[in-house]
Amino acid sequence: MEFGVGYFPTHDGIGPAELAKLVEERGQESLFFAEHTHIPASRDSPWGGGPVLPQKYWHCYDLFVAVTAALVATTRLRVGSGVCLVVERDPITTAKEVASVDRISGGRFEFGIGAGWNREEMRNHGTDPRTRMALLGERVEAMKAIWTQHEASYRGTYVNFDRIWQYPKPAQRPHPPILVGGEGPTVLDRVRSYGSAWFPNFSGSDEFRDRIVEAARTVEVQVCGAPTDVATLDRFRQAGVTRVVRWLPTGPRGHVEGALDRWEQAIAELVGA
């Protein structure tokens, strides 16, 4: 089981390049960045973390700018999206961005994807929340066609284009791993349809922990939002979870390092150091 961290890269916290160097030096295998293009000022969608949404959600750097900074600053670290809100993005442009960062990094990009939870945010991008899952699937399938075909076409309900050329192709073949976020009842269908692994954001409940363990019997599972509870980490390891990612708090370097210390202590207890 590999160990990584996740982070909201904001202008008022440790920068993505500095953070990437830090976590690579300290032996983490991966770093994932969150994405939000904006947060609507008038918002009805409930946030799962409580009544007050932290400002880091609307202070984020652009995802692929942060990813590029982190990849260029490191040599071994795998860097990914945790998660890229594909339903808010043009698939042709996003395919170009994914292939570019993967190529520049020598194949170190991890493509975490999701539909998101903020319906007002989706609507501002022209996405109907009622059809977001179907849209997500078509956009991912269209990107896979672009990455793997010299002359790609796609015909769907929501995505349509004829005979395009787009290079570079990703360094990883056939494309970077597609880690499917989401915790809904049909998420494993999406993993099996177009994903490489399930990438749930762990809620901390016993029921959800059991669901992750059960899912690991049939699909690859990588857990985002992993706890520092060693018993839970050990259960994930025994179940065959391949990667656990701990969210770090957004803030200055010292604040982040304190949280990283606690994560490393949990890892040390788990592996018996």
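**A tour from helix H3 to helix H7**

Select H3 and colour Pro91, Thr94, Ala95, Val98, Ala99, Val101 and Asp102: these residues of the helix are buried. Viewed down the axis of H3, the buried residues fall within an arc of 170°, so they line one face of the helix. This is a predicted model.

Now show what that face meets. The buried residues of H3 pack against helix H2 (63-72), strand E4 (84-85), strand E5 (109-114) and helix H5 (132-148).

Next, take H3 as a whole, residues 91-104. The helix has 14 residues and spans 20 Å between its first and last C-alpha, close to the 20 Å expected at 1.5 Å a residue. At its start, select Asp90 and Ile92: a side-chain oxygen of Asp90 comes to within 3.0 Å of the backbone nitrogen of Ile92. After H3, go to Gly106, where phi is positive, near 75°.

Then turn to the nonpolar cores. Select Leu19, Leu31, Phe33, Phe111 and Trp198, the residues with the most contacts inside the largest nonpolar core, which has 72 residues. H5 gives the most to this core, with eight residues. Another core, of eight residues, lies apart from it; Phe32, Leu85, Leu179 and Phe199 are among its members.

Last, select helix H7, residues 206-215, and pick out Phe208, Arg209, Ile212, Val213 and Ala215, which are buried. Around the axis they cover an arc of only 165°, which puts them on the same side of H7. To see their partners, add helix H6 (187-194), strand E9 (197-198), strand E10 (222-224) and helix H8 (230-239), against which the buried residues of H7 pack.

Note on methods. Residues numbered from 1 in each chain as written. Predicted model: local features only at pLDDT ≥ 70, side-chain atom pairs only at ≥ 80, totals over all residues. Heavy atoms only, no water. Helix = DSSP H or I, 4+ residues; strand = E, 2+ residues; numbered from the N terminus. Expected span 1.5 Å × (residues − 1). Buried < 20%, exposed > 50% of the residue type's maximum accessible area, 1.4 Å probe, protein only. Arc of directions from axis to C-beta. Contact = heavy atoms within 4.5 Å. Polar contact = N/O pair within 3.5 Å; in protein donor to acceptor, adjacent residues only side chain to side chain. Core = buried A, V, L, I, M, F, W, Y, C linked by side-chain atoms within 4.5 Å.
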